[in-house]
Amino acid sequence: MNYSLSSSTRCHSPRVTVVGAGKVGSTLAQRIVEKNLADVVLLDIVNGMPQGLALDLMEARGIELHNRKITGSNNYADTSGSDIVVITAGFPRKPGMSRDDLLLMNAKIVVEAAKRAIAHSPNAIYIVVTNPLDVMTYLAKEATGLGRDLIMGMAGVLDSARFQTFIAMELEACPSDINAMVLGSHGNLMVPLPRYSTVNGIPITELLDAATIERLVERTRNGGAEIVELMQNGSAFYAPASSICVMVESILLNQSRLLPIATYLQGEYDLKDVVTGVPCRLGSSGIESVLELSLTDEEIAALHASAAAVRQSINQAQQIFALCG
């Protein structure tokens with residue numbers, strides 16, 4: 001007796017496209033398949049590279065005990081019907097560069113990737129990772145016309161994870177006991193919130209003095225730059241890939257997790273027509289809601305300053321695109 005299932009009766013396997021097969025993109029592909037979340041299409045403009053990485057990952061399936069399919073491609077047609085599209089393509093930072101230094105180089109790459117991806121996956125949820133992340137997310141939203149529930153940036157999860165790590169190192173505590181919250185742009189003006197960062201529910205403001213907290217806050221703001229300076233020829237990719245994977249998992253499994261996400265604001269926190277990081281519920285329909293925290297005057301001023309810097313960069317990018325026709 002033949003027990004095989006026809007293609008029409010098999011369950012739909014989720015598909016995630018990762019645009020950009022560099023270290024962040026390829027590590028993300030590995031995270032997704034080894035967690036058995038979805039099939040992955042790894043796309044890049046470099047001939048042979050995504051195909052080779054995909055084959056390497058496929059050859060590990062028996063060892064890692066999953067049966068997910070990984071496809072490497074240079075053709076957006078192969079990404080058709082994706083449930084999630086993650087855009088990591090772009091130039092990484094080098095020592096001495098800020099994320100904003102990448103604005104001119106990466107804007108064209110991200111806009112083109114978003115337009116080409118949505119032509120093949122119009123119903124997907126889009127996650128932008130390329131720096132400067134908040135600006136790239138805004139430009140991708142503008143290019144695709146997607147509602148804010150369907151397009152977002154990964155930043156706050158990573159920044160919060162870094163803050164969590166530095167708190168754990170300082171207190172010699174277990175990282176899983178710590179919840180950290182970072183709002184604002186993914187840059188030097190990000191807004192870590194010590195009052196909302198806890199160890200088993202206890203705010204770190206009751207466990208650490210003000211000077212120590214400020215030192216950890218500054219290290220968080222410079223977390224990416226610290227790695228770039230140490231590596232000299234590269235930037236972070238393990239923690240960014242893990243942070244994206246948390247978002248992918250929350251969407252595919254409809255976990256409705258409360259995560260700090262770069263999203264388009266429509267009046268929340270008295271901010272409009274700008275993308276910046278705030279707590280959001282993330283589930284199978286994308287961003288389900290935005291949570292407005294009760295912030296002090298100092299915290300709201302810092303968040304507005306962070307958003308103002310993003311708006312300035314958005315205006316700069318829009319002027320460049322207008323000049324280029």
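Which residues lie nearest the centre of the largest pocket? They are Thr88, Ala89, Gly90, Phe91 and Pro92. The model is predicted.

**The largest pocket**

The largest pocket holds about 1,100 Å³ of space. Its lining is made up of 47 residues. By class, 24 of the lining residues are nonpolar, 15 are polar and eight are charged.

Several helices help to line the largest pocket. Each helix in the table supplies at least two residues of that lining.

| Helix | Residues | Share of the lining |
|---|---|---|
| H1 | 23-34 | at least two residues |
| H4 | 103-120 | six residues |
| H6 | 156-171 | at least two residues |
| H8 | 223-231 | at least two residues |

H4 gives the most to the lining, with six residues.

**H6 against H7**

H6 helps to line the largest pocket. H6 also meets H7, a helix of residues 210-221. Two packed helices are described by the angle between their axes and the distance between the axes. Here the axes of H6 and H7 come within 9 Å. They cross at roughly 140°. H6 and H7 are therefore oblique to each other. Their crossing is right-handed.

Which residues make the contact? From H6 come Asp159, Arg162, Phe163, Phe166, Ile167, Met169 and Glu170. From H7 come Thr212, Arg215, Leu216, Val217, Arg219 and Thr220. By class, the contact of H6 with H7 has six nonpolar, two polar and five charged residues.

Terms used:
Residues numbered from 1 in each chain as written. Predicted model: local features only at pLDDT ≥ 70, side-chain atom pairs only at ≥ 80, totals over all residues. Heavy atoms only, no water. 1 Å grid on protein atoms, 1.4 Å probe; cavity = no way out; pocket = protein on both sides within 12 Å on 5 of 7 lines; lining within 4 Å. Points joined across faces, edges and corners; volume = space filled by probe spheres on them. Helix = DSSP H or I, 4+ residues; strand = E, 2+ residues; numbered from the N terminus. Nonpolar A, V, L, I, M, F, W, Y, C, P; charged D, E, K, R; others polar. Axes fitted to C-alpha atoms, helices over the stretch in contact; angles between N-to-C directions. Parallel < 35°, antiparallel > 145°, perpendicular 65-115°, else oblique. Left-handed = near helix turned anticlockwise from the far one by under 90°. Contact = heavy atoms within 4.5 Å.
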